[in-house]
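Reader: I am new to this structure. Could you walk me through it?

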Amino acid sequence: MKYIFRGHTIFEYKPEKITNQVIQPMINDVIPAFNYCHMIPEDYKLLGEFFTTVYRHIEGEDVELKDIEVN
């Protein structure tokens with residue numbers, strides 16, 4: 001499951017990993033992906049949805065792990 005912000009993967013959740021971690025990729029191997037974002041209030045709502053879904057999945061709920069894309 002990914003949080004994709006204007007074409008860049010900002011956060012990625014990989015439940016198949018033992019640690020159930022959310023990974024933050026780098027842009028151009030230098031900039032942490034989240035630092036690249038200039039968000040508006042609606043973007044934060046979608047970001048909250050991403051982390052809420054991750055939390056619910058880690059807690060054992062059967063939730064759909066679909067990518068969230070912000071354009």
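Author: What follows is a set of short questions and answers on a predicted model.

Reader: In what order do the four strands of the open sheet lie?

Author: The sheet is open, and its pairing is mixed. Its edge strands are β3 (22-23) and β6, since each pairs on one side only. The order is β3-β2-β1-β6.

Reader: Which helix packs on the sheet?

Author: The helix touches β1, β2 (8-13), β3 and β6. Its direction makes about 25 degrees with that of β2. It covers residues 41-58 and is helix α1.

Reader: How many bridges join strand β1 to β6?

Author: Strand β1 spans residues 2-5 and runs parallel to β6. In this region isoleucine 4 stands opposite glutamate 69 in β6. The number of bridges joining β1 to β6 is three.

Reader: Is isoleucine 68 buried or exposed?

Author: Isoleucine 68 lies in strand β6 (residues 68-70). Beyond its neighbours within four places in sequence, it contacts Lys2, Tyr3, Ile4, Leu46, Glu49 and Phe50. Its relative accessible area is 7%. Buried means under 20%, so isoleucine 68 is buried.

Reader: What is the distance from glutamate 12 to the nearest side chain of opposite charge?

Author: Glutamate 12 sits in strand β2. It is buried yet has no salt bridge. A salt bridge needs the charged atoms within 4 Å. The nearest side chain of opposite charge is lysine 14, and the distance is 4.2 Å.

Reader: Which residues does glutamate 12 contact, leaving aside neighbours within four places in sequence?

Author: Strand β2 holds this residue. Leaving those neighbours aside, the contacts of glutamate 12 are Met1, Lys2, Gln21, Val22, Ile23 and Phe50.

Reader: How many aromatic pairs does a search of the whole structure find?

Author: One pair is phenylalanine 11 with phenylalanine 51, edge-to-face at 5.2 Å centre to centre, with 70 degrees between the planes. It links strand β2 to helix α1, and its members are 40 residues apart. Phenylalanine 50 and phenylalanine 51 also pair edge-to-face, at 5.1 Å and 90 degrees. The search finds five aromatic pairs.

Reader: Why does phenylalanine 51 count as partly exposed?

Author: Buried means under 20% relative accessible area, and exposed over 50%. Phenylalanine 11, at 11%, counts as buried. Phenylalanine 50 counts as buried at 0%. Phenylalanine 51 counts as partly exposed because its relative accessibility is 34%.

Reader: Which residues form one aromatic cluster?

Author: Phenylalanine 11 and phenylalanine 51 form an aromatic pair. Phenylalanine 50 and phenylalanine 51 form another. The cluster is made of Tyr3, Phe11, Phe34, Phe50 and Phe51.

Definitions and conventions. Residues are numbered from 1 along each chain as its sequence is written. This is a predicted model: local features need pLDDT of at least 70, side-chain atom pairs count only at pLDDT 80 or more; totals for chains, interfaces and linings use all residues. Side-chain values use heavy atoms; hydrogens and water are left out. Helices (H or I, at least four residues) and strands (E, at least two) are DSSP runs, numbered from the N terminus. Buried means under 20% relative accessible area, exposed over 50%, partly exposed in between (1.4 Å probe, protein chains only). Contact means heavy atoms within 4.5 Å. Two strands pair if DSSP finds at least two bridges between them. Axes are lines fitted to C-alpha atoms, for helices over the stretch in contact, and angles run from 0 to 180 degrees between N-to-C directions. Lys and Arg count as positive and Asp and Glu as negative; His and the chain ends are not counted. Rings of Phe, Tyr and Trp (its six-membered ring) pair if their centres lie within 6.5 Å; planes under 30 degrees apart count as stacked, over 60 as edge-to-face and the rest as tilted.
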